[in-house]
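The following exercises are to be worked with the sequence and the model at hand. Each task is followed by a solution in steps.

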Amino acid sequence: MSTGMELIPLALAIGAAALIEINRARAGVSGGPSEVRKLPTRFRNEALLTEALGETATERDGMLHGVVDRVPMAFAPDADGNYVAYFEAGLPGKQAGDALLTLDTAYGRLVQRDARERVLAAAPQYGMPLEGEHVEEDGTIVLTLQVGA
Amino acid sequence: MPQIEIRLRPDGTIEALTHGLKGKACLPYIETIEDLTGAKTVKSRYTDEYWQRDNVVAPPPEDQIDIGGS
């Protein structure tokens with residue numbers, strides 16, 4: 001190989017700060033006495049977030065609402081376009097963090113799906129036909145494109 | 001034939017590797033990969049093949065450019 005790159009899709013916040021904060025909440029570290037009212041997320045795409053919330057997704061009061069693992073939550077973007085998750089008062093941090101992590105996993109899969117579809121649709125236009133595709137044990141999708149075909 | 005390997009992880013993050021492109025031949029593809037995936041590069045590194053040209057003296061292994069983020 002000659003170069004290796006790590007990329008973050010536009011639908012995801014750059015950096016690990018959100019996941020670190022979620023895991024702190026799960027461990028009961030943040031948000032005061034083992035409860036949280038809001039947590040940062042990696043989410044930046046409203047359509048994908050709505051899809052990840054499934055049938056529970058509703059929009060009211062300018063916020064996107066949903067229920068994950070029986071935990072109600074609401075979302076609104078911050079100034080940088082990253083969605084913040086808001087929870088009801090009194091919710092234990094572990095419950096909030098666990099539910100948000102479940103949603104994060106679903107959202108990540110949707111970002112992966114969209115990236116795959118985007119690459120498969122666009123690659124021929126760049127003269128780079130698909131040579132192979134396989135899925136690894138951890139769920140990573142590997143697309144191999146020919147260059148200069 | 002040169003290849004680009006795009007690895008789409010289940011958490012949404014992406015890794016891309018070029019194979020068979022020596023020297024600066026790989027550089028134009030960085031922007032192409034970003035366009036293809038709809039993603040921004042947060043970290044990149046040149047590996048062995050990049051330095052296989054014009055008797056260039058390679059820097060320390062895995063010269064890495066950290067653009068930010070994780």
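**Exercise 1. Which strands does the hairpin of β7(A) and β8(A) join, and how many bridges hold them?**

Solution. Strand β7 (residues 130–135) of chain A and strand β8 (residues 141–146) of chain A run antiparallel and are joined by five bridges. Strands here are DSSP runs of E with at least two residues, helices are runs of H or I with at least four, and both are numbered from the N terminus. Two strands count as paired if DSSP finds at least two bridges between them. One such partnership sets A:Gly132 against A:Thr144 in β8(A). Five residues lie between the two strands of the hairpin, and A:Gly139 takes a positive phi near 95 degrees.

The model is predicted: local features need pLDDT of at least 70, side-chain atom pairs count only at pLDDT 80 or more, and totals for chains, interfaces and linings use all residues. Residues are numbered from 1 along each chain as its sequence is written, chains are lettered from A and ligands numbered from 1 in the order in which they are written, and side-chain values use heavy atoms, with hydrogens and water left out.

**Exercise 2. State the order of the five strands in the open sheet of chain A, and describe what packs on the sheet.**

Solution.

1. The order is β2-β6-β5-β4-β3 (chain A), with antiparallel pairing.
2. At the edges stand β2 (38–40) and β3 of chain A, each of which pairs on one side only.
3. Neighbouring strands are turned by 30 degrees against each other on average, direction ignored.
4. Helix α2 (residues 46–53) of chain A packs on the sheet, touching β3, β4, β5 and β6 (83–87) of chain A, and its direction makes about 30 degrees with that of β4(A). Contact means heavy atoms within 4.5 Å.
5. α3(A) also packs on the sheet, touching β2, β4, β5 and β6 of chain A, and its direction makes about 65 degrees with that of β5(A).

**Exercise 3. Which residues take a positive phi in the hairpins of β3(A) with β4(A) and of β4(A) with β5(A)?**

Solution.

1. Strand β3 (residues 58–60) of chain A is joined to strand β4 (residues 63–68) of chain A by three bridges, in antiparallel fashion. A:Glu59 stands opposite A:Leu64 in β4(A).
2. Two residues separate these strands, and A:Asp61 has a positive phi near 55 degrees.
3. β4(A) pairs antiparallel with strand β5 (residues 71–77) of chain A over five bridges. Here A:Val68 has A:Val71 in β5(A) as its bridge partner.
4. This hairpin likewise has two residues between the strands, with A:Asp69 at a positive phi near 50 degrees.

**Exercise 4. At what angle do helices α1 and α3 of chain A pack?**

Solution.

1. Helix α1 (residues 17–26) of chain A and helix α3 (residues 93–122) of chain A pack at about 140 degrees, with their axes 7 Å apart. Axes are lines fitted to C-alpha atoms, for helices over the stretch in contact, and angles run from 0 to 180 degrees between N-to-C directions.
2. α1(A) is therefore oblique to α3(A). Angles under 35 degrees count as roughly parallel, over 145 as roughly antiparallel, 65 to 115 as roughly perpendicular and the rest as oblique.
3. The contact includes A:Leu19 and A:Ile22 in α1(A), and A:Leu100 and A:Leu101 in α3(A).

**Exercise 5. What mean pLDDT does each chain have?**

Solution. pLDDT is the predictor's confidence in each residue, from 0 to 100. Chain A averages 91, with 94% of residues scoring at least 70; chain B has a mean of 77, with 64% reaching 70 or more.
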